[in-house]
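Open the model in your viewer and follow the stops below in order. Each stop says what to select and what is there.

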Amino acid sequence: MRRKAKAKKSVNIKKKVRDKSKITCPLTKKNSNAAGKELSQFTLQNVRGMRDILPVDQPYWQQVRKTLERAQRDFGFSRIDIPIVEYAALFDRSVGRATDIVEKQMYTFQTRGGEKVALRPEFTAGIARAYIQHGMQVRPKPVKLFYIGPCYRYDRPQDNRFREFYQAGFEVFGEIDPVLDAQMIQVGCRIINRLGIKNVVVEVNSIGCPQCRKTYRSLLVSYFESKKNRLCIECKRRLLENPLRILDCKEDKCVQVSQAAPQSIDHLCEECRNHFRELLEYLEELEINFEISSSLVRGLEYYTKTVFEFFVFGSDGAKKNALGGGGRFDGLVKFLGGEDTPAVGFALGIDRLVNEMKKIGVKLYKEPRPKVFLAQLGAFAKKKSLKMFEALERSGILVAESFGRGSLKSQLKLADKLGVEITLILGQKEALDETVIIKEMATGVQEVISGAKVVDEVKKRLKNISMTLKRVIEAAERTSEEHEE
């Protein structure tokens, strides 16, 4: 009776688990006492704003990584990896205390040593810090750096926007020429297009240098002061701290007010005006689809002169999503304590790229499938199979196996499902005799060969199978052409 009751209880538990997305697990008594009564159980679920990237989505991510690495190589960038954790003051100084990132979105905490640190909300500040710290200014100019990795912002999670998100970017230090700005935009467009995303427009603007921005800022403040009653609460605060960010507000009433605001490109100094004009000429030469956007300012305080964003447009011509953006940050290195160093760069949101690829149904690159399956039966054969697998793999032959399965029938079934051309069967007898059974899956023909010759024999047979298949395809094409005639 007890056994039956116990079994029934187990079934009920399983049913309960299937019905709930949140699974809670009790802690042991010892751990519970240590953690406190309020932590008597934990939830087997992602922290809000975080998520798992499952195997089904990895082909998209892998395609993005490969495309990024190809661009890194083609345009001569060097890879750099920086810590996820930085001193919080780095972002306070570079990104700006009046930005949403620093005020509301940074994950900050104090170490056991009393140091205030933060999970990086973006890369550029950390890249500039590394540039100064490691003396990269002595390297030949321009210094071109590439990065990829996660960032963290305590923002409100919404559709395809997470608190942990992935970025990849390209930064160039040491050159003021606008041709570098154009090249950055070219690199971004090249990556996006290679991923199969074609309906992209680049929005560009110039927010000037610190000198000419003073005049423009005064004009902007005067304009928005006269419209203050029509601004949202957040923009009323921005008016005192960072008025340029009002132009970037998405509230409808603020957007309407901003439409008639003074434009930064009308109040540039001569140097900034020439810089922007040359950039536009380069973009026209590259035949890049771009638009001048007077409301584009980018939210971070270190930007100067050129700013740009990559947008996806729908079939109706409406702007849909931003895939990334960047601009110049000529004063950042000096502001952080380094030499006066002009710089320009951009970042792409990998999550956003993957989401867009899924939306438009991009055809993914397929990894080469294995052509050989190695089946084994028995403990001794399994040991010998490991060495045989290594020999085949080292020779460049892609091999599949299922060492954990004991049934030969289940292994052969898997080989058939994978669509391999040859299956190698190693049983106890073959392991003792140092032989192996080689089976051609298309014909079912099999024979015993020496284990020492298995690599050469597999290569020879794969070549013959490939040539036979090629002849069959050519014959089918000839027959089709004859029928058409």
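Select helix α9, residues 233-241, in this predicted model. The exposed residues Ile 233 and Leu 240 sit on the face of α9 that is turned away from its buried side. Now colour Cys 235, Arg 238 and Leu 239, which are buried in α9. Look down the axis of α9: these buried residues line one face of the helix, because they fall within an arc of 110°. Residues three or four places apart in an α-helix point the same way, since there are 3.6 residues a turn.

Stay with Cys 235 and add Cys 249. The sulfur of Cys 235 is the nearest cysteine sulfur to that of Cys 249, 3.6 Å away, and Cys 249 is in no disulfide. Cys 249 is buried, with 9% relative accessibility.

Next, select Cys 212 and Cys 209. Why is there no bond between their sulfurs? The sulfur of Cys 209 is the closest cysteine sulfur to that of Cys 212, but at 3.7 Å it is too far for a bond; a disulfide needs the sulfur atoms within 2.5 Å. Cys 212 is also buried, at 9% relative accessibility. The count of disulfides is 0.

For the last stop, show helix α3 (residues 58-74) and helix α7 (residues 178-194). Their axes come within 10 Å and cross at roughly 145°, and the crossing is right-handed. Which residues meet here? From α3, select Thr 67, Leu 68, Arg 70, Ala 71 and Asp 74; from α7, select Val 187, Ile 191 and Arg 194. The residues of this contact divide into 4 nonpolar, 1 polar and 3 charged.

Notes: Residues are numbered from 1 along each chain as its sequence is written. This is a predicted model: local features need pLDDT of at least 70, side-chain atom pairs count only at pLDDT 80 or more; totals for chains, interfaces and linings use all residues. Side-chain values use heavy atoms; hydrogens and water are left out. Axes are lines fitted to C-alpha atoms, for helices over the stretch in contact, and angles run from 0 to 180 degrees between N-to-C directions. Helices (H or I, at least four residues) and strands (E, at least two) are DSSP runs, numbered from the N terminus. A crossing is left-handed if the near helix is turned anticlockwise from the far one by less than a right angle, and right-handed if clockwise. Contact means heavy atoms within 4.5 Å. Ala, Val, Leu, Ile, Met, Phe, Trp, Tyr, Cys and Pro count as nonpolar, Asp, Glu, Lys and Arg as charged, and the others, Gly among them, as polar. Buried means under 20% relative accessible area, exposed over 50%, partly exposed in between (1.4 Å probe, protein chains only). The arc is that of the directions from the helix axis to the C-beta atoms.
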